[in-house]
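Hello,

Please find the structure below. Have a look at it first, then read my notes.

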Amino acid sequence: MAFERRDLLLIVGILFLLLGLIGAGLPPIYALIISIVIYAGIKIFVGRRKKMIAESVGEGICVKCGEKIVNKKCPNCDAKS
């Protein structure tokens, strides 16, 4: 898995959340645990969503009608011709 710019933004956001939780009076260990759980939850959610989108798209999408391409052919456009 490659490290991308949005991962850096997520880490910075989680660090700000950590500082906010510590500033609100939460003990640092609890704030750290909450931040790690939120980071892991977001990474798992995004990973599953990417996988679901990749499975739904398959080989690609037809430019003319937007249908999912199966066996390098569009079911709608190739059936007409």
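Is D7 buried or exposed? D7 counts as buried, because its relative accessibility is 8% and the cut-off for buried is under 20%. Keep in mind that this is a predicted model.

D7 and its surroundings

D7 sits in helix 1. Set aside its neighbours within four places in sequence. D7 is then in contact with A2 and K43. K43 belongs to helix 2, and both D7 and K43 are among the residues where helix 1 and helix 2 touch.

How the two helices meet

Two packed helices are described by the angle between their axes and the distance between the axes. Here, helix 1 covers residues 5-23. Its axis and that of helix 2 come within 9 Å. They cross at roughly 150°. Helix 1 is therefore roughly antiparallel to helix 2, since angles over 145 degrees count that way. The crossing is right-handed.

Which residues make the contact? From helix 1 come R6, D7, L10, I11, I14, L17, L18, L21 and I22. From helix 2 come P28, A31, L32, I34, S35, I38, Y39, I42, K43 and K50. Sorted by class, the contact has 14 nonpolar, 1 polar and 4 charged residues.

Look at the spacing in those lists with one rule in mind. An α-helix has 3.6 residues a turn, so residues three or four places apart point the same way.

Helix 2 itself

Helix 2 runs over residues 28-57. It has 30 residues. From its first C-alpha to its last it reaches 43 Å. The expected value at 1.5 Å a residue is 44 Å, so the two are close.

I33 is one of the residues in helix 2. Is I33 buried, exposed or partly exposed? I33 is partly exposed, because its relative accessible area is 45%, and partly exposed covers the range between 20% and 50%. Compare its place with that of I11. I33 and I11 are 22 residues apart in sequence. Their C-alpha atoms are 14 Å apart in space.

The loop between helix 1 and helix 2

G25 lies in this loop. G25 counts as exposed, because its relative accessibility is 58% and exposed means over 50%. Now find C65. G25 and C65 are 40 residues apart in sequence. From C-alpha to C-alpha, they are 56 Å apart in space.

The loop between helix 2 and helix 3

Helix 3 covers 75-80. Three residues in the loop before it deserve a look.

Start with G58. G58 is in this loop and comes just after helix 2. What sign does the phi of G58 have? The phi is positive, at about 70°. G58 counts as partly exposed, at 46% relative accessibility.

Next is N71, in the same loop between helix 2 and helix 3. Its phi is near 55°, a positive value in a residue other than glycine. N71 is exposed, with a relative accessible area of 63%. How far is N71 from G58? The two are 13 residues apart along the chain, and their C-alpha atoms are separated by 10.0 Å.

Last comes K72. K72 also has its place in the loop between helix 2 and helix 3. The phi of K72 is near 60°, again positive in a residue other than glycine. At 74% relative accessibility, K72 counts as exposed.

Best wishes

Note on methods: Residues are numbered from 1 along each chain as its sequence is written. This is a predicted model: local features need pLDDT of at least 70, side-chain atom pairs count only at pLDDT 80 or more; totals for chains, interfaces and linings use all residues. Side-chain values use heavy atoms; hydrogens and water are left out. Helices (H or I, at least four residues) and strands (E, at least two) are DSSP runs, numbered from the N terminus. Axes are lines fitted to C-alpha atoms, for helices over the stretch in contact, and angles run from 0 to 180 degrees between N-to-C directions. Angles under 35 degrees count as roughly parallel, over 145 as roughly antiparallel, 65 to 115 as roughly perpendicular and the rest as oblique. A crossing is left-handed if the near helix is turned anticlockwise from the far one by less than a right angle, and right-handed if clockwise. Contact means heavy atoms within 4.5 Å. Ala, Val, Leu, Ile, Met, Phe, Trp, Tyr, Cys and Pro count as nonpolar, Asp, Glu, Lys and Arg as charged, and the others, Gly among them, as polar. Buried means under 20% relative accessible area, exposed over 50%, partly exposed in between (1.4 Å probe, protein chains only).
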